[in-house]
Amino acid sequence: MNEKKLIIIIPAREGSQGIKNKNITPLKGKPLVFYSFELAKKIKEKNKIIFCSTDSKKIKKIAIKAKINTSFLRP
């Protein structure tokens with residue numbers, strides 16, 4: 001039997017036209033992107049893969065700390 005997996009992709013780029021470094025800007029003491037990671041973890045699905053697609057070394061470090069898969073930096 002093939003089990004289906006839920007793939008959650010969180011895109012988080014470094015640059016922003018409106019607010020500089022908005023994804024790593026602290027909100028209540030934690031980077032903004034951290035809340036996306038935590039929300040993805042709360043999804044009640046046994047077979048899920050959470051992946052962060054980013055072009056930022058800083059965001060990648062935050063993702064690794066939150067135990068989110070970030071295999072590579074995109075261009």
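In what pattern do the helices and strands of the protein follow one another along the sequence? That is the starting point for these exercises.

This is a predicted model, in which local features need pLDDT of at least 70 and side-chain atom pairs count only at pLDDT 80 or more, while totals for chains, interfaces and linings use all residues. Residues are numbered from 1 along each chain as its sequence is written, and side-chain values use heavy atoms, with hydrogens and water left out.

**Exercise 1. Sketch the fold.**

Task: Give the pattern of elements along the sequence, and then the overall extent of the protein.

Step 1. Take helices (H or I, at least four residues) and strands (E, at least two) as DSSP runs, numbered from the N terminus. The protein then has two helices and four strands.

Step 2. Reading along the sequence gives β-β-β-α-β-α.

Step 3. Along the principal axes, the C-alpha atoms fill a box of roughly 45 × 30 × 20 Å.

Step 4. Now for contacts, meaning heavy atoms within 4.5 Å. Of the contacts with a separation of 6 or more, 52% are between residues 24 or more positions apart.

**Exercise 2. Describe the surface and the charges.**

Task: What share of the residues is buried, and what makes up the accessible surface?

Step 1. Buried means under 20% relative accessible area, exposed means over 50%, and partly exposed lies in between (1.4 Å probe, protein chains only). Buried residues make up 27% of the 75 residues.

Step 2. Accessible areas come from the Shrake-Rupley method with a 1.4 Å probe, and for residues only the protein chains shown count as cover. The total is about 6000 Å², with 57% belonging to carbon and sulfur atoms.

Step 3. For charges, count Lys and Arg as positive and Asp and Glu as negative, leaving out His and the chain ends. Each charge is placed at NZ of Lys, CZ of Arg, CG of Asp or CD of Glu. There are 19 positive and 5 negative side chains, and the centres of the two sets lie 6 Å apart.

**Exercise 3. Follow strand β4.**

Task: Is β4 largely enclosed or open, and how does it pair with β1?

Step 1. Strand β4 covers residues 48–54. Five of its seven residues are buried, so the strand is largely enclosed by the rest of the structure.

Step 2. Two strands pair if DSSP finds at least two bridges between them. β1 and β4 pair in the parallel sense over seven bridges, and Leu6 stands opposite Lys48 in β4.

Step 3. Look at Ser53, a residue of β4. Ser53 counts as buried because its relative accessible area is 16%. Not counting residues up to four places away in sequence, Ser53 touches Ile9, Ile10, Pro11, Ala12 and Arg74.

**Exercise 4. Find the nonpolar core.**

Task: Which elements give two or more residues to the largest nonpolar core?

Step 1. A nonpolar core is a set of buried Ala, Val, Leu, Ile, Met, Phe, Trp, Tyr and Cys residues joined through side-chain atoms within 4.5 Å. The largest one has 14 residues, and those with the most contacts inside it are Ile10, Val33, Phe37, Ile50, Cys52 and Ile68.

Step 2. The elements giving two or more residues to this core are β1 (6–12), α1 (32–42), β4 and α2 (57–65). Helix α1 gives the most, with four residues.

Step 3. Beyond residues up to four places away in sequence, Ile68 touches Phe37, Lys41, Ile50, Phe51, Cys52 and Ala63.

Step 4. For contrast, try Leu39 in helix α1. Leu39 counts as exposed because its relative accessibility is 56%.

**Exercise 5. Check the loops.**

Task: Where do Asn21 and Lys28 lie, and how do Asn23 and Ile24 contact the rest of the protein?

Step 1. Most residues other than glycine have a negative phi. Asn21, in the loop between β1 and β2 (26–27), has a positive phi near 55°. Lys28, in the loop between β2 and β3 (30–31), has a positive phi of about 55°.

Step 2. Asn21 counts as partly exposed at 27% relative accessibility, whereas Lys28 is exposed at 79%.

Step 3. Asn23 also lies in the loop between β1 and β2 and is buried at 16%. Excluding residues up to four places away in sequence, Asn23 touches Ala12, Arg13, Pro31, Leu32, Val33 and Ile59.

Step 4. Ile24 sits in the loop between β1 and β2 and is partly exposed at 23%. With residues up to four places away in sequence left out, Ile24 touches Pro31, Lys58, Ile59 and Ile62. The C-alpha atoms of Ile24 and Ile62 are separated by 8.5 Å, with their positions 38 residues apart along the chain.
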